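Let's take a walk through this structure together, one part at a time. Please keep the sequence and the 3D view open as you read.

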Amino acid sequence: MAKRSTTGGDEQTASSNGAAAAVLRAPAEVLFAREIEAIIAADKFEKPPGWRMSPRAVLTYITGGSVGDTRITPKYIGHQRLVEIAISTLVTDRALLLIGEPGTAKSWLSEHLAAAINGDSGKVVQGTAGTTEENVRYTWNYAMLIARGPSPEALIPSPILRAMESGSLARFEEITRCASEVQDAMISILSEKTISIPELKSEVPAKRGFSVIATANTRDKGVNDMSAALKRRFNIIVLPTPKTIESEIEIVSKRVRDLATNLDLKAKVPTADAIEKVVTIFRELRTGQTLDGKAKLKTPSGVLSTAEAISVLANSMALAGNFGSGDVSPLDLASAIQGSVVKDEEKDRVVWQEYLSNVLKKRGAEWRPLYAACSEQND
Ligand SMILES: Nc1ncnc2c1ncn2[C@@H]1O[C@H](COP(=O)(O)OP(=O)(O)OP(=O)(O)O)[C@@H](O)[C@H]1O
Ligand SMILES: [Mg+2]
């Protein structure tokens with residue numbers, strides 16, 4: 001049910017936490033337990049019902065800063081205003097919907113919001129074509145149901161029902177992937193703020209503090225478009241792709257450093273220059289033009305998101321650490337980029353080749369080693 005798609009963490013918090021070290025992907029509230037505790041201890045502002053910290057403190061947790069002598073690492077890098085709107089939405093009775101291109105940190109932000117507000121980011125419904133209304137409401141332990149009939153003990157609440165009972169946040173990932181009847185079930189939950197259980201002749205009203213953070217990917221818009229009725233129950237925030245190359249480099253560098261420690265990649269973090277080159281390539285192919293705007297480019301079929309750039313750099317480190325010298329070489333970068341840019345054998349290979357010969361080749365000596373390695377890989 002709760003699919004975790006990314007890795008996260010910070011050197012000091014991850015290594016100082018035994019529980020986090022053993023699992024591949026510890027939740028944010030475990031990885032950042034120290035930061036959260038420090039923020040709660042120093043928080044002087046009023047907390048909304050059911051919240052562990054005040055809205056201002058949540059903002060500090062998400063955008064970074066310091067409390068006392070604890071440094072709070074920035075989790076979401078981007079417009080502070082967007083984060084402020086997201087947090088204030090959760091104080092009202094409207095649910096929050098984060099939408100945007102793939103890899104714009106929708107799930108990441110949603111997880112960190114839940115971790116800061118409730119200390120529990122694990123109440124997640126993962127939206128898929130196979131998600132049923134039961135996944136959103138409740139289901140039964142059938143053995144017990146048959147043996148004893150419907151009883152509260154036989155009821156298995158969904159993450160949303162558990163959030164209503166405890167007055168906390170539930171997360172709904174990729175809501176537009178769900179069939180429309182599942183989305184309809186959400187409408188009644190979000191407007192009535194209760195789930196009725198006819199079998200037990202009872203109703204579970206949502207405690208104060210209950211809300212939902214949903215995410216949806218704009219690329220999947222066509223799969224099951226959200227009805228106007230459902231949209232109306234959400235405050236919608238669009239998470240943009242990073243505006244400037246500098247901000248994208250900052251995000252990528254930070255996340256690559258985190259990943260290197262968490263996954264113990266045994267290689268040196270790629271140089272600032274290598275990171276800048278990868279981000280440049282990704283931005284140019286994503287926007288369909290060179291950074292200076294002088295040449296138009298064809299775009300490959302895959303999604304060249306910030307998240308993808310992060311994973312290219314992590315993959316190149318894994319190659320360098322396990323099969324190379326430990327220093328990320330142009331060939332390591334090229335191999336990782338190849339897999340990420342060329343998703344469709346036929347078309348993308350041509351687009352990539354055109355970019356290599358028309359753009360990278362002409363960029364001079366500094367780009368030569370990467371150009372040569374990429375061309376070799378694309379042969
Ligand atoms: N603005 C940003 N600030 C901090 N991290 C970012 C930012 N943009 C992307 N990332 C990083 O990108 C990675 C991917 O983010 P995430 O999985 O949340 O994307 P998503 O928007 O949910 O994508 P999808 O639509 O594919 O589910 C995360 O590791 C996150 O740290
Ligand atoms: Mg996501």
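**From one tyrosine outward**

Y355 touches T280, I281, E284, L285, L297, L360 and R363, leaving aside residues up to four places away in sequence. Before going further, please note that this is a predicted model, and everything below should be read with that in mind.

Y355 is a good place to start, since it belongs to the largest nonpolar core, a group of 40 residues. Together with V252, V278, I281 and W352, Y355 touches the most other members of that core. Which helices build it? At least two residues each come from α13 (245–263), α14 (272–287), α15 (306–323), α16 (330–341), α17 (345–358) and α18 (368–377). There is another core apart from this one, with 34 residues that include L59, I62, A115 and A116. As background, nonpolar side chains in soluble globular proteins tend to be buried together.

One of the contributing helices, α18, deserves a look of its own. Its buried residues are L370, Y371, A373, C374 and S375. What do the buried residues of α18 pack against? Their neighbours are α14, α16 and α17, and these three helices also supply residues to the largest core.

Now let's turn to the strands, beginning with β10 (residues 211–217). Buried here means under 20% relative accessible area. By that criterion 7 of the 7 residues of β10 are buried, so this strand is largely enclosed by the rest of the structure. In a regular strand the side chains alternate between the two faces of the sheet. In β10, S211, I213, T215 and N217 point one way, while V212, A214 and A216 point the other way, and all of them are buried.

Which strands pair with β10? One is β3 (residues 95–100), which pairs with β10 in the parallel sense over 5 bridges. Within that pairing, L97 stands opposite A214. Strand β7 also runs parallel to β10, and 4 bridges join the two. You can find this pairing in the 3D view through L169, whose bridge partner in β10 is S211, and through R171, which is partnered by I213.

Strand β7 (residues 169–173) is mostly covered as well, with 5 of its 5 residues buried. On one side of β7 lie L169, R171 and E173, on the other A170 and F172, and both faces are covered. Note that R171 and E173 are among these buried residues. β7 also pairs with strand β4 (residues 124–126), again in the parallel sense, over 3 bridges. In this case V125 stands opposite F172.

Our last stop is ligand 1. Of the 18 residues around it, I77, G103, K106, S107 and R255 come nearest. Where are the polar contacts? An oxygen atom of ligand 1 is 2.8 Å from a polar backbone atom of G103, and an oxygen atom of the ligand is 3.1 Å from a polar backbone atom of T104. A side chain takes part too: an N or O atom in the side chain of K106 is 2.6 Å from an oxygen atom of ligand 1. The protein covers 90% of the 640 Å² of accessible area that ligand 1 has on its own. Two or more residues of the shell come from each of α7 (106–118), α13 and α15, and α7 gives the most, with 3 residues. Both α13 and α15 bring us back to where we began, as each also supplies at least two residues of the largest core.

Note on methods:
Residues numbered from 1 in each chain as written. Chains lettered and ligands numbered in written order. Predicted model: local features only at pLDDT ≥ 70, side-chain atom pairs only at ≥ 80, totals over all residues. Heavy atoms only, no water. Buried < 20%, exposed > 50% of the residue type's maximum accessible area, 1.4 Å probe, protein only. Pairing = 2+ DSSP bridges. Core = buried A, V, L, I, M, F, W, Y, C linked by side-chain atoms within 4.5 Å. Contact = heavy atoms within 4.5 Å. Near = heavy atom within 4 Å. Polar contact = N/O pair within 3.5 Å; in protein donor to acceptor, adjacent residues only side chain to side chain. Areas by Shrake-Rupley, 256 points an atom, 1.4 Å probe, with all protein chains shown as cover.
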